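Student: I would like a close look at a single part of this model, the surroundings of the ligand, and at how that part connects with the rest of the chain. Please take it step by step.

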Amino acid sequence: MDIFDRLKAAATDDWNSYVDHAFVRQMGAGTLPQSAFQTYLVQDYLFLIQFARAWALAAYKSRTPADIRAAQAGLAAILDETDLHVRLCARWGLSQEDIESAPEHQATVAYTRYVLDCGAAGDLLELHVALAPCVIGYAEIGNNLTPNGIAALADHPYREWIGEYAGEVYQGVAAAARKHLDELAARSMTEQRFDELVAVFAKASRLEAEFWQMGLDSAQA
Ligand SMILES: Cc1ncc(CO)c(N)n1
């Protein structure tokens, strides 16, 4: 069991409320209202900008070249991810300026500032634990939504989104982040700290679930 599996096992309910959220299920089934997806995607762009800052903070909190490189890879992946958001929003007539001037929803503020605070007040390991549900969780979701492979998505309404996270590039980024987290934990975690890290992991997972919920709620409003 690597550190990620240990954290997940210790926070099962919170983790499942995130990766198996109704938003994710409806997206997989293709029944998610388009308006919920659009609200989510605009907020997710704003989310990614703050998360890019969190990965940059990870570089700053690093003392070794290997840790700085891991942060650099995470930061690059986050910025690349925003291409998907800009492309899909353009199709709906939203420019990058439109997205950037959208007000941040409370769920976006809550999640991103929580992670940034873990990085500001805690050490590098705490920051990476707070970042883990994001990058590794979306890879798991991408896999869960493609039981028959990406090609089977053919004319699925959310095929581009699902394909992004199920795709080889994103899966590789998540696998590298997971490996780095494990190495970092092996170097710097004490068992006395494990419970404290589980609390951070569980909180970030709940904030992910609330982020999905924000998208769903917007369609019912
Ligand atoms: C809210 C959220 N969590 C994780 C990811 C994956 O980077 C994302 N794009 N958005």
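Tutor: What follows begins with confidence, goes on to the ligand shell and the core, and ends with the loops.

This is a predicted model, and the predictor assigns the complex an ipTM of 0.98 together with a pTM of 0.96. For the protein chain the mean pLDDT is 97, with 100% of its residues at 70 or more.

The shell around the ligand is made up of Asp-44, Phe-47, Leu-48, Glu-81, Cys-134, Val-135, Tyr-138, Glu-208 and Phe-211. Sorted by character, these shell residues are six nonpolar, no polar and three charged. Three helices, namely α4 (34–60), α8 (124–144) and α11 (194–220), each contribute at least two residues to that shell.

One residue of the shell leads directly into the interior: Val-135 is listed around the ligand, and Val-135 is also among the residues with the most contacts inside the largest nonpolar core, alongside Ala-130, Leu-131, Ala-132 and Phe-201. That core has 66 residues, and its largest share, 13 residues, is supplied by α4. Helix α4 thus appears twice in this account, as a contributor to the ligand shell and as a contributor to the core. As background, nonpolar side chains in soluble globular proteins tend to be buried together.

Leu-131 gives a concrete view of the core from within helix α8. Leu-131 counts as buried because 25 other C-beta atoms lie within 10 Å, where the cut-off for a buried residue is 20 or more. If residues up to four places away in sequence are not counted, Leu-131 touches Ala-54 and Val-115. A further link across the sequence joins Leu-131 to Phe-51, for the two are 80 residues apart along the chain while their C-alpha atoms are separated by 8.4 Å.

From helix α8 one can follow the chain into the loop between α8 and α9 (159–166), where both Ile-150 and Ala-154 are found. Ile-150 counts as partly exposed because it has 17 C-beta neighbours inside 10 Å, whereas Ala-154 counts as exposed because it has 7 such neighbours inside 10 Å. The backbone at Ala-154 deserves attention in its own right, since its phi is positive, about 20 degrees, although the residue is not a glycine. Ile-150, for its part, touches Gly-163, Ala-166 and Gly-167, again leaving out residues up to four places away in sequence. The C-alpha atoms of Ile-150 and Gly-163 are separated by 6.0 Å, with their positions 13 residues apart along the chain.

Two other loops may be set beside this one. Thr-31 sits in the loop between α3 (22–29) and α4, and it counts as exposed because it has 9 C-beta neighbours inside 10 Å. Thr-31 and Pro-157 are 126 residues apart in sequence, yet their C-alpha atoms are 8.8 Å apart in space. Pro-103 belongs to the loop between α6 (96–100) and α7 (106–121), and with 10 C-beta neighbours inside 10 Å it likewise counts as exposed. Pro-103 and Met-27 are 76 residues apart in sequence and 24 Å apart in space, C-alpha to C-alpha.

Finally, there is the annotation to place over this picture. The UniProt record, an unreviewed entry, puts the feature "domain: Thiaminase-2/PQQC" at residues 12–217. In the model, that span is 80% helix and 0% strand, and its end C-alpha atoms lie 24 Å apart.

Methods: Residues numbered from 1 in each chain as written. pLDDT = per-residue confidence, 0-100. Near = placed C-beta within 6 Å. Helix = DSSP H or I, 4+ residues; strand = E, 2+ residues; numbered from the N terminus. Nonpolar A, V, L, I, M, F, W, Y, C, P; charged D, E, K, R; others polar. Buried ≥ 20, exposed ≤ 12 C-beta atoms within 10 Å, placed from the backbone. Core = buried A, V, L, I, M, F, W, Y, C linked by C-beta atoms within 7 Å. UniProt positions renumbered as here; feature names shortened; annotations may be inferred. Contact = placed C-beta atoms within 7 Å.
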